[in-house]
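Please look over the sequence and the model below before reading on, and keep the structure open while you follow the text.

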Amino acid sequence: MRHTVAFTANDRLNYLRETLDSWRLVRGIGDAHLIFHVEPGNPHVLKACRQVDFAAQVTVIENDVRLGPGGNPWQALDTAFGGGAEFAVCAEDDTPVADDILEYFTWACGEYRDDRGVLLACAFQHHRRPGGFGGVVRVPCFYSQVFGTWAGRWRELLRDDWDRGDTKRGGARLGYDWHIRDAFMEACGFAAVYPCESRSQVSGQYGGTHLRPEQFAAHLSDCFSPNYEPAAFREVPAEPGGCGYA
């Protein structure tokens with residue numbers, strides 16, 4: 001399987017470099033196609049993306065206008081699926097990953113390709129769940145810190161019902177992740193799958209849109225490792241629990 005990884009990037013070069021350093025070490029990255037959608041007015045970020053030399057193919061696109069934290073992921077995924085990807089991973093410039101993340105997505109893509117109840121395969125896990133580092137749980141929850149979906153689910157479900165702006169609810173600025181939870185998981189019963197031990201980590205403490213610096217520690221995964229041995233992934237029962245940061 002040749003992976004397509006669609007990155008969103010804005011103006012935080014330090015976090016982007018840290019994230020790219022982690023992707024450089026990912027097993028299988030040499031066969032992947034990386035697509036970068038960079039917000040306008042960030043020449044140093046564009047240069048860093050164009051210098052990526054560890055993937056089979058690299059495409060760098062500077063957005064004509066600022067698309068924002070909801071519009072840029074939509075555009076990145078739409079570019080990936082418009083180019084013929086069967087399954088695409090959406091990555092962020094401030095989210096380092098584990099070295100086996102593509103092995104996890106390879107397994108998830110095949111395992112749930114025909115399971116229409118699974119909308120997304122996600123990499124982040126806030127707290128360790130029972131099941132070991134090869135365990136995977138199915139839950140009605142969505143964390144956006146690196147996730148993937150299938151071309152059919154994108155075209156038939158997500159593409160035309162994606163919150164590309166900031167939804168306002170009770171005065172709070174929310175976004176596409178909350179919309180997916182509300183519109184697809186709570187309202188329609190879809191689920192996502194997650195590794196029991198996280199394959200991605202939050203790094204963007206400063207300069208982000210939604211995450212305030214004082215909230216950063218509460219959003220970190222406490223079960224992330226940058227290095228994993230090859231795992232025999234398998235779905236395990238999910239213990240009861242809510243969707244959110246505890």
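The paragraphs that follow go through the sheet, then a helix that packs on it, and then a pair of helices.

This is a predicted model, and its open sheet is a convenient place to begin. Nine strands with mixed pairing make up this sheet, in the order β3-β2-β1-β4-β7-β5-β10-β6-β11. The edges are held by β3 (57-62) and β11 (234-235), and because each of these has a single partner strand, one side of each is left without a neighbour in the sheet. Further in, strand β1 (residues 4-9) runs parallel to strand β4 (residues 87-92), and five bridges join the two; one residue to look for here is Val5, whose bridge partner in β4 is Val89.

Helix α4 (residues 101-111) packs on this sheet, where it touches β1, β4, β5 (118-122), β6 (135-139), β7 (147-150), β10 (191-195) and β11. The direction of α4 makes about 165° with that of β5.

We turn now to the pair of helices. Two packed helices are described by the angle between their axes and by the distance between those axes. For helix α3 (residues 68-82) and helix α5 (residues 151-158), the angle is about 130° and the axes lie 10 Å apart; angles over 145 degrees would count as roughly antiparallel and those from 65 to 115 as roughly perpendicular, so α3 and α5 are oblique to each other. Their crossing is left-handed. On the α3 side, Trp74, Leu77, Asp78 and Phe81 take part in the contact, and they meet Ala151, Trp154 and Arg155 of α5. Sorted by class, this contact of α3 with α5 has five nonpolar and two charged residues, and no polar ones.

Terms used: Residues are numbered from 1 along each chain as its sequence is written. This is a predicted model: local features need pLDDT of at least 70, side-chain atom pairs count only at pLDDT 80 or more; totals for chains, interfaces and linings use all residues. Side-chain values use heavy atoms; hydrogens and water are left out. Axes are lines fitted to C-alpha atoms, for helices over the stretch in contact, and angles run from 0 to 180 degrees between N-to-C directions. Helices (H or I, at least four residues) and strands (E, at least two) are DSSP runs, numbered from the N terminus. Angles under 35 degrees count as roughly parallel, over 145 as roughly antiparallel, 65 to 115 as roughly perpendicular and the rest as oblique. A crossing is left-handed if the near helix is turned anticlockwise from the far one by less than a right angle, and right-handed if clockwise. Contact means heavy atoms within 4.5 Å. Ala, Val, Leu, Ile, Met, Phe, Trp, Tyr, Cys and Pro count as nonpolar, Asp, Glu, Lys and Arg as charged, and the others, Gly among them, as polar. Two strands pair if DSSP finds at least two bridges between them.
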